[in-house]
Amino acid sequence: MKRIATIFCLAFLLANTASASMSMGQNQEEEKYFINVGNLHMTISENGGKILSLKYDETEVISQLRWPESFGSTFWTSPQREWNWPPVSEFDKQPYTVEQNDDAIVMTSHPSSRLGLQVSKKFTTDEQRKAIVITYSIKNVTDTIRSVAPWEITRVPNSGLIFFDASKESITPANLLPFQFAHDAAWYQADATNENRKINADGKGWLAYANNGLLLVKQFTDLDASQPAPGEAEVQVYVNRGTTYIELESQGAYTALNPGQQLSWTVRWYLLPCNTESQPSQSILDIVKKVIH
């Protein structure tokens with residue numbers, strides 16, 4: 001069975017390098033934007049520049065729950081201790097200005113007077129590799145040095161398998177989530193408790209989620225253990241209480257920005273059908289390695 005699943009997914013990757021198409025459009029009434037590349041369909045709201053949906057054909061991978069402050073895929077500045085909760089309104093929910101052409105959609109937030117920062121998101125596609133590429137930028141709009149890190153947060157259903165390359169020692173708090181360690185990766189099979197749980201991990205530049213016949217792979221810059229913002233990490237997994245949603249989180253390097261300076265950080269999103277077993281295996285890890293290399 002493992003061999004059949006591996007052949008299926010790798011055959012998909014090879015077959016889909018031959019042709020690709022991309023289209024973007026706007027629904028004025030709903031203030032939503034659409035990106036299509038191959039069989040991938042992404043919907044982005046002007047409000048917060050938030051990703052509301054990512055589908056392979058008609059199959060959805062992002063949680064469709066509408067919890068206040070906690071839905072879709074969003075972007076925050078790190079460390080969280082600088083703003084605590086709720087998320088900064090200018091970045092997470094207020095309307096972004098939008099520039100659109102045939103190759104990209106660029107969304108820019110209003111500056112946050114509280115943090116002295118401004119966020120922009122550039123959405124493009126890699127047609128050959130069937131990927132959606134998101135480049136996040138954070139600009140220092142103050143007259144003093146500001147240190148900050150980029151932070152992407154994607155909510156998915158509380159089911160399926162989450163995995164990434166990390167050692168047992170690098171995941172904290174230890175034993176908070178029931179990870180398995182096999183095939184040189186850390187694996188978490190979604191479970192449910194009556195408490196909210198979150199772990200930090202020193203990953204290796206990717207984070208994957210397998211559920212409902214789909215495999216979502218996110219690829220980003222691998223950080224040294226010293227590079228994340230204080231109290232944060234390259235890879236984070238937050239599990240909301242009950243069987244509600246899980247957050248797949250990744251962060252870039254903590255960077256000191258001079259007045260007027262900005263940082264940029266890119267995350268590549270891959271989504272493909274993959275009828276693999278729902279347990280840790282070398283075959284599904286091989287598929288991820290094929291995708292990111």
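**Exercise 1. The two faces of strand β2**

Task: In this predicted model, work out which residues of strand β2 (residues 32–37) lie on its covered face and which on its uncovered one, and then find how β2 pairs with strand β3 (residues 40–45).

Solution: Begin with the side chains of β2, where Y33, I35 and V37 make up the covered face, while K32, F34 and N36 make up the uncovered one. Next, turn to the partner strand: β2 and β3 pair in the antiparallel sense, and 6 bridges hold the pairing. To place one residue of the uncovered face in this pairing, take F34, whose bridge partner in β3 is T43. Finally, look at the turn, since β2 and β3 form a hairpin with 2 residues between them, and G38 in that turn has a positive phi of about 60°.

**Exercise 2. Positive phi outside glycine**

Task: Locate E69 and N212, give the phi of each, and decide from relative accessibility whether each counts as buried, partly exposed or exposed.

Solution: Start with E69, which is found in the loop between β5 (59–60) and β6, and which has a phi near 70°, a positive value in a residue other than glycine. The relative accessible area of E69 is 24%; because buried means under 20% and exposed means over 50%, E69 is partly exposed. Go on to N212, which lies in the loop between β16 (206–211) and β17 (214–219), and which has a positive phi of about 55° although it is not a glycine. At 55% relative accessibility, N212 is above the cut-off and therefore counts as exposed.

**Exercise 3. Cis peptide bonds**

Task: For the bond from S78 to P79 and the bond that joins T172 and P173, state what omega is and where each proline is found.

Solution: The peptide bond from S78 to P79 is cis, with omega near 10°, and P79 sits in the loop between β6 (73–78) and α2 (89–92). The bond joining T172 and P173 is likewise a cis peptide bond, with omega about -10°, and P173 belongs to the loop between β12 and β13.

**Exercise 4. From P178 to V239**

Task: Starting at P178, establish how accessible this residue is, which residues it touches, and then do the same for V239.

Solution: P178 lies in the loop between β12 (161–164) and β13 (179–182), and its relative accessibility of 44% is why it counts as partly exposed. Not counting residues up to four places away in sequence, P178 touches W187, Y188, D191 and R197; as for Y188, it is 10 residues from P178 along the chain, and their C-alpha atoms are separated by 6.3 Å.

V239 lies in strand β18, and because its relative accessibility is 0%, it counts as buried. Leaving aside neighbours within four places in sequence, V239 is in contact with residues including L177, Y188, D191 and R197. Of these, L177 is 62 residues from V239 in sequence, while the two C-alpha atoms are 8.9 Å apart in space.

The strand that holds V239 can now be placed beside its partner: β18 (residues 235–239) runs antiparallel to β15, and 5 bridges join the two. Within this pairing, A201 stands opposite V235 in β18. Strand β15 (residues 197–201) is itself mostly covered, since 4 of its 5 residues are buried.

**Exercise 5. The second largest pocket**

Task: Describe the second largest pocket by its volume, its central residues and the make-up of its lining.

Solution: The pocket has a volume of about 190 Å³. Its lining comprises 15 residues, of which S70, W85, Y238, Y245 and E247 are the closest to the centre. Sorting the lining by type gives 7 nonpolar, 4 polar and 4 charged residues. Strand β19 (residues 245–251) gives the most to this lining, with 3 residues.

**Exercise 6. The protein as a whole**

Task: How many helices and strands does the protein have, and what percentage of its residues is buried?

Solution: Counting secondary structure gives 3 helices and 21 strands. Of the 293 residues, 53% are buried. The protein exposes about 12600 Å², of which carbon and sulfur atoms supply 48%. Among contacts with a separation of 6 or more, residues 24 or more positions apart account for 66%.

Technical notes
Residues are numbered from 1 along each chain as its sequence is written. This is a predicted model: local features need pLDDT of at least 70, side-chain atom pairs count only at pLDDT 80 or more; totals for chains, interfaces and linings use all residues. Side-chain values use heavy atoms; hydrogens and water are left out. Buried means under 20% relative accessible area, exposed over 50%, partly exposed in between (1.4 Å probe, protein chains only). Contact means heavy atoms within 4.5 Å. Accessible areas come from the Shrake-Rupley method with a 1.4 Å probe; for residues, only the protein chains shown count as cover. On a 1 Å grid over the protein atoms alone, a cavity is a set of points where a 1.4 Å probe fits but cannot get out, and a pocket is an open set with protein on both sides within 12 Å along at least five of seven lines; lining residues have an atom within 4 Å of a point. Grid points are joined across faces, edges and corners, and a volume is the space filled by probe spheres set on the points. Ala, Val, Leu, Ile, Met, Phe, Trp, Tyr, Cys and Pro count as nonpolar, Asp, Glu, Lys and Arg as charged, and the others, Gly among them, as polar. Two strands pair if DSSP finds at least two bridges between them.
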